[in-house]
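Visitor: I should like a close look at one part of this model, namely its interior. Please describe how that part is built and what packs around it.

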Amino acid sequence: KLDDRLKAVAVQIRSRVHADIGSDHGHLLKALLTSGRIERGIAIEVNQRPCENSRSTLVGLAADVRLADGLAGLSPGEADSLSICGMGGELITRILETHPERVPPDLVLQPNRRPDAVRRWALQAGFHLVDEQLVVGRLRYVVMRYRLDRSSADPAYDAMDHEAALLFGPLLIQRWESQLQGVLLDEYQYLKELQQRTEQSQHRLNVLAKLLRLKG
Ligand code: SAM
């Protein structure tokens, strides 16, 4: 059984061979294989215990389970798509930057923190944002689907406040759904009431104030 976060990830994936880095329990790949969204799965784990957990979840299914550090466990061209979920944006970015030639053309990334690091990476690596979903539960997550396209700049950022798009998501801002508005207003109130602001929280407050003014 997948939680809402991994369900939101799973609906973004449909491919022949899919690799999941940091597979942990292996539940995402199992759901993708049993629902027929993928034909073959590759689970990659850097730690022994979660690697064994993935192995036992995926037994009997069309999946390889590998003990490796990120893309070191994947050959170039081996997978059509890849997911990295439930880690900080900076770690996700580091994994992608370590072996750029092994990154498949379709990606689903779900950073727990610092989604802006992932967005910056995608812009310079030539990936376009195809879809972006906010999952609001006990915590808030963003699920992003990217496709490699070096033919042009990512149109999701056209006519956008670049800083706001990097921090809060260009497609989420374009759609401006009530759920996002609620999340941003909550953060704005919280940041405004903070007595001591770090440089980062002051920056978020400035960018948010401008965005909320712009959107009326
Ligand atoms: N992806 C799952 C999810 O979203 O529920 C698990 C998230 S869990 C918090 C992060 C997992 O990533 C851990 O099992 C950890 O061992 C693994 N991990 C962290 N860095 C990794 C790396 N460089 N390569 C492969 N796995 C990694």
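**The interior of the chain**

Guide: The protein chain contains nine helices and seven strands (DSSP runs, H or I of at least four residues for helices and E of at least two for strands, numbered from the N terminus). The model is predicted: local features need pLDDT of at least 70, side-chain atom pairs count only at pLDDT 80 or more, and totals for chains, interfaces and linings use all residues. Residues are numbered from 1 along each chain as its sequence is written.

Along its principal axes, the C-alpha trace of the protein chain spans about 55 × 40 × 30 Å. Of the 216 residues in the chain, 34% are buried (20 or more other C-beta atoms, placed from the backbone, within 10 Å of their own). Among contacts (C-beta atoms within 7 Å) between residues at least 6 apart in sequence, 60% join residues at least 24 apart.

The largest nonpolar core (buried Ala, Val, Leu, Ile, Met, Phe, Trp, Tyr and Cys joined through C-beta atoms within 7 Å) comprises 40 residues, and Val9 and Leu109 have the most contacts inside it. Strand S7, residues 140–148, gives the most to this core, with five residues. Apart from this core lies another, of seven residues, which includes Ala165, Phe168, Ile173 and Leu184.

Val9 deserves a closer view. Leaving aside residues up to four places away in sequence, Val9 touches Leu28, Ser83, Cys85, Val108, Gln110 and Val143. One of these partners, Leu28, belongs to the buried residues of helix H2 (27–34), together with Leu29, Lys30, Leu32 and Leu33. The cover over the buried residues of H2 includes helix H1 (4–10), strand S1 (15–21), strand S2, helix H3 (48–57), strand S3 (63–67) and strand S4. Following H2 comes Gly36, whose phi is positive, near 80°.

Helix H4 (89–98) also contributes to the interior: its buried residues are Gly89, Ile92, Thr93, Ile95 and Leu96. These residues lie on the same side of H4, because they cover an arc of only 160° around the axis, taken over the directions from the helix axis to the C-beta atoms. The buried residues of H4 pack against S1, S4, strand S5 (106–111) and helix H5 (115–125). S1 and S4 thus recur in this account: they help to cover the buried residues of H2, and the buried residues of H4 pack against them as well.

Terms used:
Buried ≥ 20, exposed ≤ 12 C-beta atoms within 10 Å, placed from the backbone. Contact = placed C-beta atoms within 7 Å.
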